[in-house]
Amino acid sequence: MVTSLPAQVRRPPKAAKPPKSSPARRTGPLGLVGLLALPMTWLVGVYIFSLVMLLVTAFWTTDPFTSKVKPGFTFRNFEQIFQNSAYLSTSLRTLGIALLVTALSILFAVPLGIFMAKIAAPWLRAVLAVAVTLPLWAGYLVKILAMRVTFTEGGFFNWLMAPLGVSGPGFSITTVVLTLTYLWFPYMAIPVYTAIRQIPVNLFDASADMGARSWRTIRTVVLPLIRPAIIAGSIFTFSLSLGDYLAARFVGGTTQMIGSVIASNINLNPPIAAAFSVVPIVFVVVYLVGVRRTGALDRM
Amino acid sequence: MLRLSRPAKIGLGLIVALVLAFLYVPLFLVVLNAFNGARIAAWPVTDFSLRWWEAAFTSEAIRLAVLNSVIVGLGATAIALLLGTLVAFALQRYSFFGKQTVNLLVVLPIALPGIVTGVALNNTYNQILEPAGIQVGYFGMIIAHATFCIVMVFNNVLARLRRLNPSVEEASMDLGARPWQTFRFITFPQFRSAFAAGGLLAFALSFDEVVVTIFTAPPGVDTLPLWIMNQMARPNEASVVNVVATVIIVASLIPVWVSQRLGRDVTER
């Protein structure tokens with residue numbers, strides 16, 4: 001990686017732009033190679049190397065008797081993902097959960113953002129901004145614990161619903177979706193709110209002057225303008241939900257997600273765990289490539 | 001101004017109230033259950049007691065877990081501060097082939113699911129380094145955490161560097177300052193608060209991380225999240241975990257307060 005970045009590729013100063021001193025002079029003793037050498041050695045040498053080795057392991061086999069990993073080349077592990085109906089349905093279930101969590105987050109983040117940015121008084125806006133950010137710091141497991149306490153058998157939710165004769169979802173796939181939404185919602189809410197705040201007020205005036213009602217203004221003015229923010233938020237809600245398995249483990253009852261399968265195989269059968277971890281990578285990469293041209297990645 | 005009809009405003013207000021309730025009622029229940037004398041979290045709470053607080057503060061396991069989390073967090077943050085700042089400078093000061101790729105490479109460790117990072121590093125540690133006679137042990141965790149913390153520092157520092165006025169540095173150079181002096185006295189003070197904010201975010205991210213940690217922690221070593229997870233996995237989770245969770249919830253106010261202050265620091269300039 002480092003060797004492919006020769007020092008000559010520095011941009012020559014352009015005449016059209018305001019005069020700029022040569023970048024080399026401004027960075028001091030470290031040139032581009034000097035700046036990138038250490039981080040790239042780390043990211044490529046540790047991280048990318050590990051990802052590649054994981055991919056390689058996915059083609060290896062496990063000795064069924066000693067459960068020792070044997071190098072080789074087989075597509076069997078990948079075939080398993082498609083042939084084993086439990087594995088296939090787990091992949092599809094996980095994808096469905098991740099999409100549902102993303103949809104729910106958008107559904108709540110947009111009204112919240114509109115309220116905060118355009119209706120709430122300045123003091124209320126400040127309070128809400130803190131209120132939405134705060135749970136982000138409260139701790140991942142703390143929040144799973146909180147959902148567990150809320151939805152447990154003799155817990156708050158069932159107590160609240162008892163007078164209505166309704167019993168809560170207990171520990172099930174519904175609770176997994178709710179918990180993941182609970183966990184990742186701020187990642188959607190904050191960029192959406194920021195984007196709505198940045199919409200110039202006169203656009204709303206123009207829309208209203210031309211006779212659009214509130215719903216129409218939201219649909220034709222607000223939504224198209226906050227699309228990049230929604231996409232940026234969805235990268236988090238989608239990717240984070242896709243790889244999660246502790247929510248499924250602690251509030252999901254018998255619900256299995258891709259992560260559950262990887263985690264339960266990592267010690268017994270590393271090649272199948274490796275093959276299975278390619279599934280979320282493929283989902284995320286397809287998603288990232290899909291949204292890349294929208295320019296949303298530059299905002300991350 | 002966005003003109004909304006009265007029913008639309010009320011509807012939006014109700015959604016906001018629902019979202020706030022959804023965000024805060026579960027956390028409130030955890031805090032309440034920390035004072036629940038019963039062994040298992042329940043509702044309504046009938047027996048208020050401080051016995052779990054006493055148990056938490058005298059627990060050697062919790063003390064060790066906190067210590068591990070702090071050591072790993074500080075180690076990972078130190079590495080992330082160095083690497084994240086270097087990449088931010090490279091991307092802001094130079095234009096080169098593969099710039100997008102480098103950017104993607106930094107974001108990748110948090111863009112990919114944690115379990116993939118965890119399993120990949122676990123695979124490298126156990127199937128490649130260990131047979132080669134290299135035991136990463138405790139450092140495996142720090143290496144893993146540093147990898148996904150780089151992006152936090154990178155994002156903050158890069159955003160600040162983009163807003164800096166290059167003439168200030170040029171003036172420093174023109175006045176005869178050496179490159180190192182310019183960096184030390186001119187450049188660094190200008191992005192110091194972003195550097196600190198990035199470090200804080202990196203530490204918070206590391207302190208909270210559990211999925212990658214599960215796969216990279218050496219046997220028998222618990223970070224605080226691992227300790228919480230093991231408690232939750234027990235059939236009758238002792239209420240002491242609610243006490244630890246409550247302390248984390250209260251402690252989470254600190255980074256919010258600090259980042260608000262750092263944010264103000266920026267706008268005042």
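Which residues lie nearest the centre of the second largest pocket? In this predicted model, they are A:Phe157, A:Leu178, B:Leu18, B:Ala21 and B:Phe22, and they belong to a lining of 18 residues. Several helices take part: helix H4 (85-119), helix H6 (140-151), helix H7 (156-161) and helix H8 (173-197) of chain A, together with helix H1 (6-33) of chain B, each give two or more residues to this lining. The element that gives the most is H1(B), with six residues. The pocket has a volume of about 450 Å³. As for the chemistry of its lining, 16 residues are nonpolar, two are polar and none is charged.

Let us step back for a moment to chain A as a whole. Its secondary structure comes to 13 helices and two strands. Of its 300 residues, 49% count as buried. If you take the contacts in chain A between residues at least 6 apart in sequence, 70% of them join residues at least 24 apart.

Helix H4 of chain A offers two residues to look at in turn. A:Phe108 has its place in this helix. Leaving aside neighbours within four places in sequence, A:Phe108 touches residues of both chains: A:Phe185, B:Ile15, B:Leu18 and B:Val19. Is A:Phe108 buried or partly exposed? With a relative accessibility of 24%, A:Phe108 counts as partly exposed, because the buried class ends at 20%. Its C-alpha is 10.0 Å from that of A:Thr181, although 73 residues separate the two in sequence.

A:Thr102 is found in helix H4 of chain A as well. Here the relative accessibility is 7%, so A:Thr102 counts as buried. Beyond its neighbours within four places in sequence, A:Thr102 is in contact with A:Met188, A:Ser234, A:Thr237 and A:Phe238. A:Phe236 is 134 residues away in sequence, yet the C-alpha atoms of A:Thr102 and A:Phe236 are 8.7 Å apart.

Now to the aromatic rings. A pair of them is described by the distance of the centres and the angle of the planes. Over all chains, the count comes to 24 aromatic pairs. One of these is formed by A:Tyr245 and B:Phe215, with 6.5 Å from centre to centre and 40° between the planes, a tilted arrangement. This pair crosses between chains: A:Tyr245 is in the loop between helix H10 (214-243) and helix H11 (246-251) of chain A, while B:Phe215 is in helix H9 (residues 211-216) of chain B. Both partners are buried, A:Tyr245 with a relative accessible area of 6% and B:Phe215 at 7% relative accessibility.

A second pair can be found within chain B. Why is the pair of B:Phe89 and B:Phe191 edge-to-face? The ring centres are 5.5 Å apart and the planes meet at 70°, and planes over 60 degrees apart count as edge-to-face, so the pair falls in that class. B:Phe89 belongs to helix H3 (residues 60-93) and B:Phe191 to helix H8 (residues 179-208) of chain B, so the pair links distant parts of the chain, 102 residues apart. B:Phe89 counts as buried at 5% relative accessibility, and B:Phe191 is buried too, with a relative accessible area of 0%.

These two rings have further company. Together with B:Trp180, B:Phe183, B:Phe188 and B:Phe195, the residues B:Phe89 and B:Phe191 form one aromatic cluster. One last ring in chain B meets a charge: the charged end of B:Arg184 sits over the ring of B:Phe185, 4.8 Å from its centre.

Conventions
Residues numbered from 1 in each chain as written. Chains lettered and ligands numbered in written order. Predicted model: local features only at pLDDT ≥ 70, side-chain atom pairs only at ≥ 80, totals over all residues. Heavy atoms only, no water. 1 Å grid on protein atoms, 1.4 Å probe; cavity = no way out; pocket = protein on both sides within 12 Å on 5 of 7 lines; lining within 4 Å. Points joined across faces, edges and corners; volume = space filled by probe spheres on them. Helix = DSSP H or I, 4+ residues; strand = E, 2+ residues; numbered from the N terminus. Nonpolar A, V, L, I, M, F, W, Y, C, P; charged D, E, K, R; others polar. Phe/Tyr/Trp six-rings, centres within 6.5 Å; stacked < 30°, edge-to-face > 60°. Buried < 20%, exposed > 50% of the residue type's maximum accessible area, 1.4 Å probe, protein only. Lys NZ or Arg CZ within 6 Å of the ring centre and 35° of its normal. Contact = heavy atoms within 4.5 Å.
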